[in-house]
Number of protein chains: 4
Amino acid sequence: MTRVGILTVGALGNVATIVAAGLAALRQSGAQRSGMVTELPLFTPLSLCPPEDIVFGGWDIRDGTVLQSVRGFASVNHVLPPGLLAEIEADPERLGTEIFPGVSTNCGAAIDALGTSPSRVRCGSLETLVATLQQDIREWRRRHALRTVVVVNLASTEPPLDPHSLHETAEGMEEIIARNRSDAVRAGTLYAWAAIEEGCPFINFTPSNSPLLPGVLRRAEVRGVPVMGDDGKTGETLVKSVLAPMFGCRNLTVLSWSGYNLLGNMDGEILSHPENRTGKITSKDGVLGGILGYRPHSHVGIDSVPSLDDQKIAWDFIHFQGFLGARMSLQFVWQGFDSLLAAPLVLDLVRLAEFAHRRGDGGLQPQLASFFKNPKGVDEARFNEQFGMLRDYIAGIVAEENPAGRAASGSS
Amino acid sequence: MTRVGILTVGALGNVATIVAAGLAALRQSGAQRSGMVTELPLFTPLSLCPPEDIVFGGWDIRDGTVLQSVRGFASVNHVLPPGLLAEIEADPERLGTEIFPGVSTNCGAAIDALGTSPSRVRCGSLETLVATLQQDIREWRRRHALRTVVVVNLASTEPPLDPHSLHETAEGMEEIIARNRSDAVRAGTLYAWAAIEEGCPFINFTPSNSPLLPGVLRRAEVRGVPVMGDDGKTGETLVKSVLAPMFGCRNLTVLSWSGYNLLGNMDGEILSHPENRTGKITSKDGVLGGILGYRPHSHVGIDSVPSLDDQKIAWDFIHFQGFLGARMSLQFVWQGFDSLLAAPLVLDLVRLAEFAHRRGDGGLQPQLASFFKNPKGVDEARFNEQFGMLRDYIAGIVAEENPAGRAASGSS
Amino acid sequence: MTRVGILTVGALGNVATIVAAGLAALRQSGAQRSGMVTELPLFTPLSLCPPEDIVFGGWDIRDGTVLQSVRGFASVNHVLPPGLLAEIEADPERLGTEIFPGVSTNCGAAIDALGTSPSRVRCGSLETLVATLQQDIREWRRRHALRTVVVVNLASTEPPLDPHSLHETAEGMEEIIARNRSDAVRAGTLYAWAAIEEGCPFINFTPSNSPLLPGVLRRAEVRGVPVMGDDGKTGETLVKSVLAPMFGCRNLTVLSWSGYNLLGNMDGEILSHPENRTGKITSKDGVLGGILGYRPHSHVGIDSVPSLDDQKIAWDFIHFQGFLGARMSLQFVWQGFDSLLAAPLVLDLVRLAEFAHRRGDGGLQPQLASFFKNPKGVDEARFNEQFGMLRDYIAGIVAEENPAGRAASGSS
Amino acid sequence: MTRVGILTVGALGNVATIVAAGLAALRQSGAQRSGMVTELPLFTPLSLCPPEDIVFGGWDIRDGTVLQSVRGFASVNHVLPPGLLAEIEADPERLGTEIFPGVSTNCGAAIDALGTSPSRVRCGSLETLVATLQQDIREWRRRHALRTVVVVNLASTEPPLDPHSLHETAEGMEEIIARNRSDAVRAGTLYAWAAIEEGCPFINFTPSNSPLLPGVLRRAEVRGVPVMGDDGKTGETLVKSVLAPMFGCRNLTVLSWSGYNLLGNMDGEILSHPENRTGKITSKDGVLGGILGYRPHSHVGIDSVPSLDDQKIAWDFIHFQGFLGARMSLQFVWQGFDSLLAAPLVLDLVRLAEFAHRRGDGGLQPQLASFFKNPKGVDEARFNEQFGMLRDYIAGIVAEENPAGRAASGSS
């Protein structure tokens with residue numbers, strides 16, 4: 001039992017599709033591991049599980065197979081290695097197993113309109129739904145003989161969930177479920193709760209605030225289950241969290257920071273709904289104030305441009321003031337493939353969460369802050385300092401393991 | 001004697017002009033200190049000399065006064081605070097004192113063509129020239145009753161000076177001067193040597209390699225005189241040294257980094273000469289390899305666009321490779337006023353060099369690495385890590401001064 | 001009586017301010033006439049009134065003088081020639097005469113909130129208001145001994161006015177005024193009607209749809225008064241109307257055109273109100289469909305960035321498809337000073353409207369289409385073809401005047 | 001005999017490869033004809049030869065087959081329709097026939113270094129070489145039963161050929177060939193001469209100046225053979241020739257126009273050689289002066305970025321001056337696939353050249369000016385006016401054919 005499983009929420013979405021295709025490709029020699037942070041030499045001491053040993057699975061509320069998703073992705077996005085699709089078609093099992101029907105409790109009209117099929121959405125009381133999800137995890141884990149299963153939320157962004165006093169404790173969460181208070185949760189909560197109750201690490205790669213509620217975190221700590229989120233930091237916000245500190249260090253006053261994101265995949269479609277967009281924008285915009293120590297005028301736009309599909313274009317215009325009040329500007333244009341940027345980070349998080357789980361570290365994992373736009377429980381918003389936390393974590397582990405020679409740590 | 005002097009090489013150039021105008025403005029309340037790093041709260045413990053107490057002076061090989069330079073700058077660059085010129089015209093003495101004639105030994109055809117006037121260029125043997133420069137410093141210092149004089153090289157970029165075995169030791173440098181070996185030095189060498197022999201800190205804000213030769217550094221160490229260089233990091237390279245580490249931390253492979261700089265002032269004119277450009281490009285381009293650990297395909301272009309005058313526009317196109325070989329890009333456009341970016345850093349360096357001098361720290365000052373494109377004696381090219389060296393330096397001094405409570409240091 | 005007057009609606013706004021300052025500057029030799037289309041050699045045959053003979057005046061609902069406006073503009077936008085303000089301060093009369101109080105009938109909450117002062121807003125029935133405006137025009141014209149007065153609407157964008165059956169005829173318009181149906185007009189209507197009734201050409205430089213209603217146009221035709229609008233084409237839309245035809249001529253399919261406008265002056269503030277923005281966006285966005293013959297996915301964003309003040313930054317991202325379905329892109333960034341772009345066009349329109357008036361041409365003036373985003377009565381949206389209409393108009397006049405030698409016309 | 005042949009010089013280069021692949025794709029229903037100008041409704045009256053009836057062939061000095069070229073292109077550029085390669089592999093004959101060995105007379109060191117193989121380069125006197133090329137054309141035409149063969153030069157840019165008095169007349173050209181004066185020609189001359197002597201239209205899609213020498217044009221006129229060039233206008237220069245007139249029409253003074261081209265394919269490699277680059281830069285840079293009527297400061301950079309392969313990125317920074325001397329800017333970034341932009345224009349030119357040939361129009365074809373950066377014999381550099389020449393040409397033909405109803409012409 002050396003293999004590790006990843007169960008994705010939203011298994012037919014673009015990011016999960018590339019996670020599945022990427023795992024299939026990595027089992028071949030020669031596939032490019034660029035973009036996987038955990039392939040840096042820095043991580044060698046941790047002996048993380050090899051990507052070849054990670055098994056893909058998941059839930060989705062839409063019809064279809066992962067093979068169809070890969071085909072669909074490849075037909076509109078000419079970015080996958082030319083031979084990969086052919087290889088996969090020849091051996092579709094490499095993509096992982098069949099996909100479980102999902103839950104969509106209280107996810108909002110935009111997600112309901114995704115073309116979900118009735119047979120793909122589980123019904124029942126919250127208690128039943130959680131039990132079913134736990135059952136899915138158990139069965140799948142047994143079938144594939146997995147050492148650990150990591151659950152990763154890659155579903156579309158939900159509308160923000162309003163705070164509720166029952167969210168504050170694990171017992172409150174239990175009460176919500178027992179009393180079927182579906183207004184106090186969203187689907188994300190159920191997946192997180194089921195994962196933790198099954199002893200599985202849980203990663204929230206989305207901006208949805210429903211999974212990592214305070215009571216959920218308490219339970220994860222008690223169970224010794226690592227959890228982390230929110231919102232994978234893949235593109236524009238990554239650049240923002242790197243550039244904003246530069247202005248700070250040089251005492252240049254940011255007058256205004258306007259960022260516009262054009263994206264075309266389903267993410268773009270969902271985020272064109274104002275209620276779903278709210279969470280995302282808060283997550284992207286919050287970074288600035290945290291870094292600069294003051295809130296400059298700022299704007300974050302997200303617009304759906306269907307022809308871009310998985311491509312994401314972001315233009316940021318930063319107006320700043322220097323010596324004697326001189327006004328100057330920095331603009332950047334980021335052009336990336338959203339899922340190709342996200343998928344390797346998902347694999348990193350699976351590897352690092354599994355590692356933390358092996359060590360018995362439960363609750364939030366601050367060393368993973370650099371992977372998130374809005375790292376739960378971490379105030380530091382500067383990317384370099386966040387990455388330094390990961391460096392220090394590794395150095396600490398090395399030092400633990402080699403108590404004699406602790407000198408080797410810390411530098412890059 | 002609490003005042004500190006700054007003697008600039010190239011006192012009528014744009015950067016020195018803004019240093020002078022800035023010092024005049026800072027003596028008024030309300031002038032914007034943005035862009036001065038040493039005005040950050042981080043520096044409070046050092047009790048640096050207040051900018052109001054810095055006196056401006058310098059050498060130049062062209063005719064003219066600082067007042068004329070400020071007027072000329074203001075007439076083409078609409079960036080200075082509207083009232084500043086009027087205030088200065090009302091009290092021109094605030095700009096500092098008269099300018100000494102300079103030396104232009106072996107500076108190349110481009111600099112000779114700057115419109116130098118014979119009466120502004122000192123002649124004589126190297127020994128005579130060095131003695132004259134020392135005399136300038138001594139007199140000026142006495143006249144203004146200055147505690148310290150910091151000499152800052154802001155002259156046009158010289159062609160690179162070929163290495164010579166006599167450069168290696170202080171004695172070799174003495175021999176060069178004694179034997180009038182003018183082929184083995186350039187003007188920058190003479191200013192640096194004169195400053196150090198007079199016990200004055202010396203900052204090389206240009207990419208010229210002639211000032212901080214090994215033998216010059218030896219002498220500075222022995223004399224307890226702080227020196228640092230090369231090439232102030234004001235714009236495109238600053239951004240580069242912030243963005244490049246991001247690609248490294250995310251294991252994204254940089255395939256190509258092409259940067260184009262358009263600039264219009266005399267800097268642009270001088271750098272349109274290939275022999276002068278060489279040093280600059282080496283300095284700007286070297287940053288990448290040092291940060292990434294490999295040399296991607298790269299290109300640095302510098303072109304003169306006279307209509308931009310002091311504005312500098314840089315476009316960088318970064319082509320990179322991520323997961324499964326996906327190719328993506330990041331572009332940025334930097335639009336700054338070169339001299340408005342440089343001048344506050346010059347003031348920072350004067351304050352920090354004067355501080356180091358007060359402490360008796362001679363030779364290279366690695367804590368100042370973040371101010372330079374090519375920080376002498378420092379291998380670290382990542383801006384954040386360089387700035388961390390400055391943070392650590394301050395923390396160390398705080399700890400020295402408060403040996404009891406050393407907990408307060410280190411964080412931002 | 002050779003002088004011509006311009007009465008501006010919104011006389012203290014940025015565009016009118018630069019019109020006034022520009023006229024003052026043009027009375028000096030040496031002021032840059034770049035940006036004035038009518039200064040091209042092409043216009044020599046028309047013998048337009050010289051800009052030196054144009055007198056500035058207007059209405060505004062805010063307190064203040066034009067001198068204060070110029071001062072305010074110059075203090076935040078470092079773009080006017082350094083000496084201009086000093087010259088104007090020395091002889092403030094060059095800026096034109098005092099400003100009349102205005103009308104703000106039914107202009108919406110955003111405009112009401114502009115800081116209007118009660119003493120600056122005329123009250124009374126529609127009939128009274130129109131009579132007062134006519135009285136203003138008559139008096140001002142007499143006082144300055146003007147051959148013609150051209151009224152130009154430069155006021156903030158109003159919310160769109162809903163169509164009404166009474167708008168269709170001149171008699172309907174009279175009925176609206178007589179019966180004080182203030183719900184069926186906005187301030188813009190009153191200015192236009194008063195101008196036309198006084199026999200004065202009227203230009204609508206704003207996107208507001210209230211001035212050039214069908215019944216207003218009828219009256220202008222009958223009275224022989226030239227009128228034209230809507231919405232001066234100064235920046236992003238100008239580029240759009242030049243680039244979009246290129247895609248058409250090359251049979252490249254535009255998949256998506258996303259444009260983002262950042263602007264900082266009062267225009268930006270007013271347009272941050274959704275009801276005021278509507279008209280502007282329709283005007284900017286309509287251009288594409290008219291040119292391409294199909295409606296690509298498109299988006300026009302307008303956001304207020306106060307620190308930019310009169311600067312306007314627009315980023316457009318155009319995604320297009322070529323041979324074999326290949327997807328490519330063109331981006332542009334426009335960085336202009338809004339009022340410095342608009343003011344010379346206003347002067348062009350005054351000169352050309354006065355010329356048409358002299359010729360007795362009443363009603364819409366299609367030859368002026370190239371000056372507007374949404375040229376009334378003209379279907380052609382391509383800039384070059386619009387400019388060709390102006391060329392043809394001049395050629396026609398030249399041919400009329402020289403019936404013998406008609407060969408000289410037509411080329412640029 | 002209804003089919004038309006295209007013989008390409010440089011048949012294994014990227015552009016020719018996409019011409020071949022495109023023709024194969026067009027024989028399938030559903031292939032995207034975007035980017036082919038002649039597919040616009042405007043061209044319907046001309047009854048051009050259908051692309052399905054065009055047969056591909058050519059010469060190259062490198063080893064390899066067109067199939068290998070397509071495969072090589074597809075493996076690095078993920079832009080071709082996913083199924084196309086598979087279809088082609090199933091039926092490679094659709095790509096056209098085998099490739100003839102070429103001539104490389106006097107082409108310069110860069111082209112010699114392309115990895116040419118001795119067996120692929122024809123040797124012999126100029127007379128022999130021309131005779132061999134004519135023989136190739138005759139044989140190929142007969143074998144494929146072609147109505148017409150159009151020869152298109154798609155070879156790498158040669159160094160500029162110095163003018164020679166013998167170039168001036170057709171007899172001089174004959175003398176050069178007869179006397180084997182290989183210093184007075186380059187390979188391009190030989191292909192053009194052979195084509196014309198065989199009565200075949202010739203298109204020079206490259207900036208090389210050796211094909212369309214004055215004596216060559218004379219012969220083409222006499223023989224009734226259409227010829228046209230130089231240098232296909234595919235990307236940055238196209239945008240330039242559309243934007244520059246806008247500044248002219250608005251009387252905005254262009255202060256500086258700096259353009260930087262990054263490209264990765266063999267074109268980039270060849271153009272990194274200064275002697276080959278010269279012709280290209282002249283061609284790209286000349287456009288401005290012709291349009292504006294004055295020469296602003298300008299710069300054209302071309303740099304090879306191998307990782308881009310067929311992608312071409314161009315950044316242009318245009319600094320301009322408006323009213324009262326205000327300085328503003330327009331930047332654009334063009335991101336295209338060079339060969340996907342060029343290939344459909346090549347097909348357009350083949351169709352239009354064949355049409356002109358059918359009509360008996362020999363010599364230069366000014367109606368094709370809009371396809372070229374440097375249209376031979378045409379002074380007009382503005383794209384819209386050039387395209388108007390094509391419109392007028394079609395209208396003229398329509399009028400000829402329908403002498404009764406000439407009203408239908410002229411508008412788009």
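Contact here means heavy atoms within 4.5 Å, and by that rule the meeting of chain D and chain C takes 62 residues from chain D and 62 residues from chain C. The model on your screen is predicted, and every value in this tour was computed.

**First stop: chains D and C**

Select chain D and chain C together, and begin with how the two copies are related. A turn of 180 degrees, with a shift of 0.0 Å along the axis, lays chain D on chain C with an RMSD of 0.0 Å. To find that axis in the viewer, centre on F332(D), whose C-alpha lies 2.0 Å from it and comes closest among the residues of chain D. The same surface serves both copies, since 100% of the contact residues of chain D recur in chain C.

Now show the surface of both chains. The size of an interface is often given as the accessible area lost when the parts come together. Between chain D and chain C about 5,100 Å² is buried, with 63% of it on carbon and sulfur atoms. Which three residues of chain D should you colour to see the biggest contribution to the area it buries against chain C? Pick R250(D), F323(D) and L324(D), which supply 19% of that area, more than any other three residues.

If you look for charged pairs across this boundary, the count of salt bridges between chain D and chain C is zero, whereas 20 residue pairs are in polar contact there, with both residues of each pair at pLDDT 80 or more.

To see which elements form the side of chain D that touches chain C, select α1 (14-26), α9 (236-249), β9 (311-321), β10 (327-337), α12 (338-359) and α13 (383-401) of chain D, each of which supplies at least two residues. Among these elements, β10(D) gives the most, with eleven residues. Colouring this side of chain D by residue class gives 36 nonpolar, 18 polar and eight charged residues.

**Second stop: the strands that cross between D and C**

Keep β10(D) selected and add strand β10 of chain C, residues 327-337; the two strands pair in the antiparallel sense over seven bridges. For one place to zoom in, choose S329(C), which stands opposite Q335(D) in β10(D). Strands of a sheet pair through backbone hydrogen bonds, either parallel or antiparallel.

**Third stop: chains A and B**

Hide chains C and D for now, and turn to chain A and chain B. Here chain A is superposed on chain B by a rotation of 180 degrees with 0.0 Å of shift along its axis, at an RMSD of 0.0 Å. That is the relation of a two-fold axis. Again a phenylalanine is the landmark to centre on: F332(A) comes closest to the rotation axis of all the residues of chain A, with its C-alpha at 2.0 Å.

The contact draws 62 residues from chain A and 62 residues from chain B, and the two chains bury about 5,000 Å² between them, 63% of it on carbon and sulfur atoms. Within chain A, select R250(A), F323(A) and L324(A), which supply 19% of the area that chain A buries against chain B. There are zero salt bridges between chain A and chain B, but the count of residue pairs in polar contact is 20. Of the elements on the side of chain A that touches chain B, β10(A) provides the largest share, eleven residues.

Next, display β10(A) beside strand β10 of chain B, residues 327-337, where the pairing is antiparallel over seven bridges. Within this pairing, S329(A) has Q335(B) as its bridge partner in β10(B).

**Last stop: the open sheet of chain C**

Bring chain C back alone and switch to a cartoon view. How many strands does its open sheet hold, and in what order? There are seven, in the order β3-β2-β1-β4-β5-β6-β11, with parallel pairing. The strands at the edges are β3 (100-101) and β11 (363-364), each with a single partner strand, so one side of each is left without a neighbour in the sheet.

To finish, follow the sheet to its β11 edge, where strand β6 of chain C, residues 226-228, and β11(C) pair in the parallel sense over two bridges. Zoom in on P226(C), which stands opposite G363(C) in β11(C).

Methods:
Residues numbered from 1 in each chain as written. Chains lettered and ligands numbered in written order. Predicted model: local features only at pLDDT ≥ 70, side-chain atom pairs only at ≥ 80, totals over all residues. Heavy atoms only, no water. Least-squares fit on C-alpha atoms with pLDDT ≥ 70 in both. Buried area = accessible area lost by both parts, 1.4 Å probe. Salt bridge = Lys/Arg side-chain N within 4 Å of Asp/Glu carboxyl O. Polar contact = N/O pair within 3.5 Å; in protein donor to acceptor, adjacent residues only side chain to side chain. Helix = DSSP H or I, 4+ residues; strand = E, 2+ residues; numbered from the N terminus. Pairing = 2+ DSSP bridges. Nonpolar A, V, L, I, M, F, W, Y, C, P; charged D, E, K, R; others polar.
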